[in-house]
Amino acid sequence: METRQLERIILLILLLVNAVLLGLLLGDRVTEASAERAREEMLRQLLADSGIELAPDLDLGQVSPHGCTVVRDLELEDQRMQGILGEHVRADEGGGIWYYGSELGKIMMHGTGELTILPLGETAERRGSAWEQSLALLRASGLEPWTPPGQDPTGTDLPFCCCWNGSPVFNAVLTFSYAGDKLELVTGTTVFHRETARSPVRGMDAVSILTAFAAAVKNQGLICSRLTELTPGYEMSVGLSGESALEPVWRLVMDTGECYLSAETGQIVRLQV
């Protein structure tokens, strides 16, 4: 009997301890949520003081991706070409340039990430809309595309950003050029294949980058009254042939245009092209 009572007492103590710990955890989360709401409200007021309105659907909970280094992997590159060309031949043209070819197309890939595709046969024949054809070709090659909201899907020249781990690389853009019912050419820059290093820390989050943006508006005389889009991503910087740094940046779309801010410094940057 005494043993059973002791077990009940121990169980009751454990339940009370768990209840206290749960209360502390919930309290911490409520405190964090309150602090984040206060932080966002201070940001909105800071921007309002500069005459800038935030679109109501702007996500202020977004975070910057980790910066990283990626390299060219010829085996993975060949697999990508397989998705476009099927069975194909390849040849080293020298200077970091590789040629890939089959009856479905000819492709030249450079050590700087520059890519040219000349579609042939079935690859050149448009099936469905040009937009759908482009997306299908990108996905067949293992690339994840991104396009800014509101991009016209009916044009004859359709640009798509390549992504790295779900984040757009804003200056790695492939443009699909159509004439009538045919895909004539794909040109631009793509992302390399394999990550070799990653920064252990993230860059600025959405609230921090907009605080930096407010300072840039004030100090550099930017003209803006409304901010409509905010997207974290990367700028690709090729240092050595076959190797590039993906540096985290934020894309901001205003009523007067767009700009990019470094997620590490908060400074306005001009993307390398």
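This report covers the nonpolar cores, the cavity, helix H3 and the surroundings of Tyr178. The model is predicted.

**Cores**

The largest nonpolar core holds 33 residues. Ile107, Trp164, Val169, Leu174, Phe176 and Leu246 touch the most other members. Two domains contribute to this core: domain 1 (42-71 + 195-273) and domain 2 (74-191) each give at least three residues. A separate core of 23 residues lies apart from it, with Leu58, Cys224, Trp250 and Leu261 among its members. In soluble globular proteins, nonpolar side chains tend to be buried together.

Ile107 shows how one of these well-connected members is surrounded. Leaving out residues up to four places away in sequence, Ile107 touches Met81, Ile84 and Leu85. Its other contacts on that count are Trp98, Tyr99, Tyr100, Leu115, Thr116 and Ile117.

**Cavity**

A search of the whole structure turns up one cavity of 30 Å³ or more. The volume of the largest cavity is about 110 Å³. Its lining comprises 16 residues, and Ile84, Leu115, Ser141, Leu143 and Thr190 lie nearest its centre. Two of these, Ile84 and Leu115, are also contacts of Ile107.

The lining divides by residue class as follows.

| Class in the cavity lining | Residues |
|---|---|
| Nonpolar | eleven residues |
| Polar | three residues |
| Charged | two residues |

Which elements supply at least two residues each of the lining? They are helix H2 (74-85), strand E6 (114-119), helix H3 (130-140) and strand E9 (167-179). H2 gives the most, with four residues.

**Helix H3**

H3 has several buried residues: Ala130, Trp131, Gln133, Ser134, Leu135, Leu137 and Leu138. These buried residues pack against helix H2 and against four strands, E7 (145-146), E8 (157-164), E9 and E10 (182-189). Just after the helix, Gly142 takes a positive phi of about 85°.

**Tyr178**

Tyr178 sits in strand E9. Is Tyr178 buried or exposed? Tyr178 is buried, because its relative accessible area is 7%, and buried means under 20%.

Tyr178 links back to H3. Among its contacts, not counting residues up to four places away in sequence, are Ala130, Gln133 and Ser134, each of them a buried residue of H3. Ser134 is 44 residues from Tyr178 along the chain, yet their C-alpha atoms are separated by 9.9 Å. Tyr178 also touches Arg126, Thr156, Asp157, Leu158, Leu183 and Glu184.

How values were computed
Residues numbered from 1 in each chain as written. Predicted model: local features only at pLDDT ≥ 70, side-chain atom pairs only at ≥ 80, totals over all residues. Heavy atoms only, no water. Core = buried A, V, L, I, M, F, W, Y, C linked by side-chain atoms within 4.5 Å. Buried < 20%, exposed > 50% of the residue type's maximum accessible area, 1.4 Å probe, protein only. Domains from an automatic or database assignment. Contact = heavy atoms within 4.5 Å. 1 Å grid on protein atoms, 1.4 Å probe; cavity = no way out; pocket = protein on both sides within 12 Å on 5 of 7 lines; lining within 4 Å. Points joined across faces, edges and corners; volume = space filled by probe spheres on them. Nonpolar A, V, L, I, M, F, W, Y, C, P; charged D, E, K, R; others polar.
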